[in-house]
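Here's a walk through one chain, going from a single pair of side chains out to the whole fold and back to a few local spots. Have the viewer open as you read.

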Amino acid sequence: MKMTTMTHRGLGGTALALALWSTAGQAQETDIRFQLDWRFEGPSAPFLMAVDRGYFAEEGLDVQIDSGSGSAGAINRVASGAYEMGFGDLNALVEFLAENPDGPGITGVYSVYDGTPAAVFARKDSGIETPADLAGKTIAAPTFDTGYRAWGIFAAANDLDPEAVEWQNVDPTLRETLLTRGDVDAITGFYFTSLLNLEERGMSQDDLTIMPFPEYGVPLYGNAIIASESFAEENPEAVRGFLRAFNRALGETLDDPDAAIDYVRKRDELIDLEMETRRLKLALDSVVDTPDARENGVGDIDTQRLAEAIQLVGDAYSLPTLPDAEDVFDSAYLPAQDDRMLLPAGSE
């Protein structure tokens with residue numbers, strides 16, 4: 001900087017101090033508006049922890065985290081410029097990029113859910129034990145539900161005719177109630193959301209056949225941190241700093257989820273603490289702590305697997321074009337791999 005090379009030697013030290021103070025001040029003024037995919041629930045703990053423990057501030061960031069109403073909403077708000085970054089389903093991002101090839105660039109920068117949380121929940125008393133038993137049955141889900149949208153992928157992976165079931169598209173608030181009452185035979189939903197909702201309505205796991213998509217041959221990724229490409233290109237260090245702070249909080253959340261849930265309660269004092277703690281642990285165990293994450297670290301993607309997932313999503317959603325894997329995910333902003341080894345290799 002020019003100030004550090006001033007010819008007035010007597011002011012050199014003061015000028016350097018002012019320059020460093022000015023640089024720090026500019027870093028602290030980097031604002032990031034971040035859109036979650038859903039309400040303040042257990043899985044949002046690491047984001048909120050990073051705010052409250054000052055991890056974002058240490059990276060020179062002023063981060064505002066808002067609750068959301070679904071992945072599509074989070075993606076659209078980042079695309080519109082209302083938010084610089086967000087949290088959304090990579091499959092929904094594939095769909096957005098395919099339908100808006102000339103629109104605003106958005107990219108995944110940190111894969112949090114190594115597998116999709118989508119699952120089928122079926123009543124055992126409907127005679128459903130395997131995917132083949134779903135033929136002729138009725139399944140309920142909202143139209144935006146990942147399990148509904150990706151049903152063709154699940155069906156193909158399990159030699160099931162995708163047209164062999166009858167769908168009821170319902171409001172998300174009614175989905176689990178319909179299954180509990182026996183009005184439908186099965187539903188699709190996020191594993192760590194629908195399971196708890198069903199238990200709250202009186203159904204136990206013994207009453208259910210649960211088929212998580214990743215365990216039934218569906219290689220889709222789940223939710224990732226996404227960023228506006230224009231913001232990332234103009235503020236690469238801010239994006240890197242955001243991911244370093246989040247990665248740090250995620251590691252601490254994995255180490256002690258019971259403590260991490262306190263940061264969710266600070267945002268919403270009305271949460272059911274026991275339920276949200278369990279929801280967080282279910283999310284961590286099912287889609288964060290995976291064999292690949294233990295082997296290679298959290299956050300990154302396998303390019304070949306992502307390319308396969310993009311093709312599967314394109315076929316299932318009848319997309320007009322397909323984005324390249326490099327357009328869907330950019331690993332350039334990730335923390336170093338050693339810093340992302342948050343799980344013991346080979347742990348169960």
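Which side chain does Glu-199 meet in a salt bridge? The partner is Arg-278, and the N to O distance is 2.4 Å. Keep in mind that we're looking at a predicted model. Glu-199 sits in helix α9 (residues 191-200) and Arg-278 in helix α14, so this pair ties together parts that are 79 residues apart in sequence. Neither end is tucked away completely: Glu-199 is partly exposed at 27% relative accessibility, and Arg-278 is partly exposed too, at 31%.

**The chain as a whole**

Zooming out, the chain has 17 helices and 10 strands. Its radius of gyration is 22 Å, close to the 20 Å that the globule rule gives for 348 residues, so the chain is as compact as a globular protein of that length. Along the principal axes, the C-alpha atoms fill a box of roughly 85 × 45 × 40 Å.

How much of the chain is buried? Of the 348 residues, 53% are. If you take the contacts with a separation of 6 or more, 80% of them join residues 24 or more positions apart. The accessible surface comes to about 15,700 Å², and carbon and sulfur atoms account for 46% of that.

Then there's charge. The chain carries 25 positive and 61 negative charges, and the mean positions of the two sets are 6 Å apart.

**Salt bridges**

The structure holds 19 salt bridges. Here are three of them, including the pair we began with.

| Pair | N to O distance |
|---|---|
| Arg-279 and Glu-41 | 3.7 Å |
| Glu-199 and Arg-278 | 2.4 Å |
| Arg-240 and Glu-237 | 2.9 Å |

Let's take the Arg-279 pair next. Its side chain meets that of Glu-41 in a salt bridge. Arg-279 lies in helix α14 (residues 273-288), while Glu-41 is in the loop between β1 (30-35) and α2 (45-52), so the bridge ties together parts that are 238 residues apart in sequence. Are these two residues buried or exposed? Arg-279 counts as buried at 2% relative accessibility, and Glu-41 counts as buried at 10%. They also have company: Arg-39, Glu-41, Glu-276 and Arg-279 are linked in a network of salt bridges.

The Arg-240 pair is a local affair. Arg-240 and Glu-237 are 3 residues apart in helix α11 (residues 236-255), separated by about one helical turn. An α-helix has 3.6 residues a turn, so residues three or four places apart point the same way. Arg-240 is partly exposed, with a relative accessible area of 25%, and Glu-237 is partly exposed at 49%.

**Helix α4 and its neighbours**

Now find helix α4 (residues 71-80), where Ser-71, Gly-73, Ala-74, Ile-75, Val-78 and Ala-79 are buried. What do those buried residues pack against? The list takes in β1, β3 (85-89), α5 (90-99), β4 (106-111) and β10 (223-228). Just after α4 comes Gly-81, with a positive phi of about 90°.

**Around Ala-141**

Ala-141 lies in strand β6 (residues 138-141), and at 0% relative accessibility it counts as buried. Which residues does Ala-141 touch, leaving out those up to four places away in sequence? They are Tyr-148, Trp-167, Gln-168, Asn-169, Val-170, Arg-175 and Thr-188. Thr-188 is worth picking out of that group: Ala-141 and Thr-188 are 47 residues apart in sequence, yet their C-alpha atoms are 5.7 Å apart in space.

**Two loop residues with positive phi**

Last stop, a pair of backbone oddments. Asp-159 has a positive phi of about 55° although it isn't a glycine. You'll find Asp-159 in the loop between α7 (151-157) and β7 (166-169), and at 78% relative accessibility it counts as exposed.

Ser-318 also has a positive phi of about 55°, again without being a glycine. Ser-318 lies in the loop between α16 (303-317) and α17 (325-328). With a relative accessible area of 63%, Ser-318 is exposed.

Conventions:
Residues numbered from 1 in each chain as written. Predicted model: local features only at pLDDT ≥ 70, side-chain atom pairs only at ≥ 80, totals over all residues. Heavy atoms only, no water. Helix = DSSP H or I, 4+ residues; strand = E, 2+ residues; numbered from the N terminus. Rg over C-alpha atoms; globule rule 2.2 N^0.38 Å. Buried < 20%, exposed > 50% of the residue type's maximum accessible area, 1.4 Å probe, protein only. Contact = heavy atoms within 4.5 Å. Areas by Shrake-Rupley, 256 points an atom, 1.4 Å probe, with all protein chains shown as cover. Lys, Arg positive; Asp, Glu negative; His and termini not counted. Charge placed at Lys NZ, Arg CZ, Asp CG, Glu CD. Salt bridge = Lys/Arg side-chain N within 4 Å of Asp/Glu carboxyl O.
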